[in-house]
Amino acid sequence: MPNVIASWKKRLAVLGLAVTLTSAPLLTPHTASAAASLQAYTGDAAQAITLGIGSADKARTGYVSAAELSAIFQQAARLAGSDAVFSTLSGGPVQRKDAAVLLSQGLKLQSAPESYGDVPDNASFAVSIGAVSKAKLMLGDGAGRFAPNAKLTYEQAYALAYRLYDYVKPFQLLEATVTDIQKAVDQGKLTYKQLVQMYLDRIDQYDDQGVKINAILTINPNALKIAEELDKERETTGKRGPLHGIPIIVKDNFDTNDMPTTAGCVCLKDSVPDKDADQVAKLKAAGAIILAKANLHEFAFGITTSSSLGGQTLNPYAPDHYPGGSSGGTGAAITANFALAGLGTDTGGSIRIPSTFNSLVGIRPTVGLSSRDGIIPLALTQDVGGPIARTVSDAALLLDATAGYDPDDTATAYSVGHIPKSYTDYLDVNGLKGARIGVATELFGTGANEKTVTDVVYQAVDDLKKLGADAVPITIPNLDQIMKFPSLSGYEFKFQLNDYLKELGPNAPYHSLQEIIDSGEYDKSQEKSMIARNNMESLDTQEYKDIILYRTKVTRESLLKVMADNNLDAIVYPSTTQPAAKIGESQNAGNNNRLSPFSGFPAITVPAGFTPDGLPVGIEFLGRAFDEPTLIKLAYAYEQGTHNRRAPALLP
């Protein structure tokens, strides 16, 4: 319904270096020779050399001369595109106080007081030390000392040069992380209002024009105003946390009290719930901005992301291919850099499939870790909501904000005592060293149309080994029996949707699935499926009860046994057995994604690479109940050791 879609979007369009002197992680060198030349240098100094600032041939503990330091700073500024000028110093080795003055004057930093015990307040260089400390370019030793008279080594000079480069380089929106954004805001390069406008500009440029990804259903008309308010709040009382001012896109089956929640169906185009879904409310409380609502496969029925309200969403890597589903709008939007991250839902594979097809990180949490209250249900026995992001670290931050007990979702009572202080505490680049990973070889496709994915994921297994893991081939007990069980969406949908519609109150546009079918306002390609689900008379049947009992029991016990027998930290397999299919052709993702919803255990998919045709492939890590910390640790180490994600070339 193109007219409905276009008018609906138009109607809802928007109106109107925290780096210390300690070492940072080493950037991955591109060649073996580069790695060898950097062995003596670490942290920011190594990053500077990787950028071509300085020389790895210099002894890192040797003292840099005044002229050399001026030249190094000038080189870093030019590389960042800055016209800052650093005076040419003369003399021998440079002292730290001299470097502070040079940086402060060259960058024209505002004078600031300092609080170091070994810096005389009346010294001429004191305000320069205060300025560079405030800018977090140079800091003390953590014990209240700055050591102003200490000589500067080459390693320290290169580290300062990298921080200078990072400080003056313009903010880059593409592939920006939460850390990148907050640093840019702290450095005065960016406001949250400017950030929101940048994302809105990309949506305008690529969603409705140009490539026409068609990922967005509704744009928050108050997004810029909210961002402006969060800018003011940051100035007056500080940030609420890492997600303060961060734009998020949520799948349009999460209730929002300021925008319609439609499940992609024309029948719900005017339905605005009275309150936010619990996860949305938690994000708002953390300072996040709900920038937009994303298209989805209508009522989350399928994996190709087409709806009567939103039409067909395209894959940003190959616009003639599907983006996966049912959270395909969120997946396409996040990989297209329409926002920082997003929320999807997953009943069978609806977070992990679009994350895979869009080279993203997707977390399907343990059932009960995060609330489902306010999410239009498909099958609550299996339903979860969770993060979709470009990096593991950003996904972990979203999980921090959305996990936790909700009295309106009893299942979340199981999470009490199982949630760490922060999932980001498990972002360990060495997390794979000594880990035991079960490789579920039976889940690797062997068909001709599965070979490209299988080859990529076997390479990923080799990478796990190179990064220190012990990869153990395993056979999952009772796998054939597990895979024969059906999803419960065909059983539960009618009853749980009717309950949801009832909770909308008297203003609900429809009050039952039957009324929606009678209206004819839905995707007609789903009519048979909707009628079949509407014909379910009761959940009080032996068939349904047997599935609930035996499917869960067999799946959990089989997974726990193979993990215990082999002392495993996680199990890995292809997130999907086939890549994204061309639009109009049949999309098959395989059944691997069933293990997580059938057991209730968590899973995370991470980019594993690309097929020869340039289509993204993912590797999935499955763990024990509430063991998201381990999965995040393993996935982060793999991500940082491979850097497989790359942005879609069609959306520069």
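Let me start with S326, which has its place in the loop between β5, residues 311-312, and α12, residues 328-335. The peptide bond that joins G325 to S326 is cis, with an omega of about 10 degrees, and I should say straight away that what we are looking at is a predicted model, so please take each value I quote as one computed from that model.

Staying with the backbone for a moment, there are two residues whose phi angles deserve a look. One of them is N214, which is not a glycine and nevertheless has a positive phi of about 65 degrees. You will find N214 in the loop that runs between α9, residues 192-206, and β1, residues 216-219, and N214 is buried there, with a relative accessible area of 17%. The other is F626, again a residue other than glycine, with a positive phi near 60 degrees. F626 sits in the loop between β13, residues 616-622, and α22, residues 628-642, and with a relative accessible area of 14% F626 is buried.

From there I would like to turn to the nonpolar interior. The largest nonpolar core has 96 residues, and within that core I181 and F621 touch the most other members. If we leave out residues up to four places away in sequence, the residues that F621 touches include L464, I571, V572, P602 and A603, and also L631, L634, A635 and Y638. Apart from that core lies another one, made up of 48 residues, among them I72, A84, L109 and V132. As general background, nonpolar side chains in soluble globular proteins tend to be buried together.

Now for a charged residue, D255, which is found in the loop between β2, residues 247-251, and α11, residues 278-285. What is the nearest side chain of opposite charge to D255, and how far away is it? It is K293, at 6.5 Å, and D255, although buried, has no salt bridge. That follows because a salt bridge here requires the nitrogen and the carboxyl oxygen to be within 4 Å, and the distance to K293 is 6.5 Å. What D255 does have is a polar contact of 2.6 Å, which joins its side chain to that of Y500. Setting aside the neighbours within four places in sequence, D255 is in contact with T261, P273, K275, D276, A277, V280, G374 and Y500, so Y500 appears in that list as well, because contact is a matter of heavy atoms within 4.5 Å.

Elsewhere the charged side chains do pair up, and the count for the structure comes to 29 salt bridges. Let me take three of them in turn. R145 forms a salt bridge with D141, where the closest N and O atoms are 3.0 Å apart; R145 is partly exposed, at a relative accessible area of 45%, and D141 also counts as partly exposed, at 44%.

The second pair is R234 and D186, whose closest N and O atoms are 3.1 Å apart. R234 lies in helix α10, residues 223-237, while D186 lies in helix α8, residues 178-186, and so this pair ties together parts that are 48 residues apart in sequence. R234 is buried, with a relative accessible area of 18%, whereas D186 counts as partly exposed, at 41%. This pair does not stand alone, in that salt bridges with shared partners join D186, R234, E235 and K239 into one network.

The third pair is R240 and E233, with 2.7 Å between the closest N and O atoms, and here R240 is partly exposed, with a relative accessible area of 44%.

Let me come next to the cysteines. How many disulfides does a search of the whole structure find? The search finds zero. Two cysteines to look at in that light are C265, which is buried with a relative accessible area of 0%, and C267, which also counts as buried, at 4% relative accessibility.

I will end with K561, which lies in helix α20, residues 542-565, and is partly exposed, with a relative accessible area of 46%. K561 and I476 are 85 residues apart in sequence, and yet their C-alpha atoms are 8.6 Å apart in space.

Technical notes. Residues numbered from 1 in each chain as written. Predicted model: local features only at pLDDT ≥ 70, side-chain atom pairs only at ≥ 80, totals over all residues. Heavy atoms only, no water. Helix = DSSP H or I, 4+ residues; strand = E, 2+ residues; numbered from the N terminus. Buried < 20%, exposed > 50% of the residue type's maximum accessible area, 1.4 Å probe, protein only. Lys, Arg positive; Asp, Glu negative; His and termini not counted. Polar contact = N/O pair within 3.5 Å; in protein donor to acceptor, adjacent residues only side chain to side chain. Disulfide = S-S within 2.5 Å. Core = buried A, V, L, I, M, F, W, Y, C linked by side-chain atoms within 4.5 Å.
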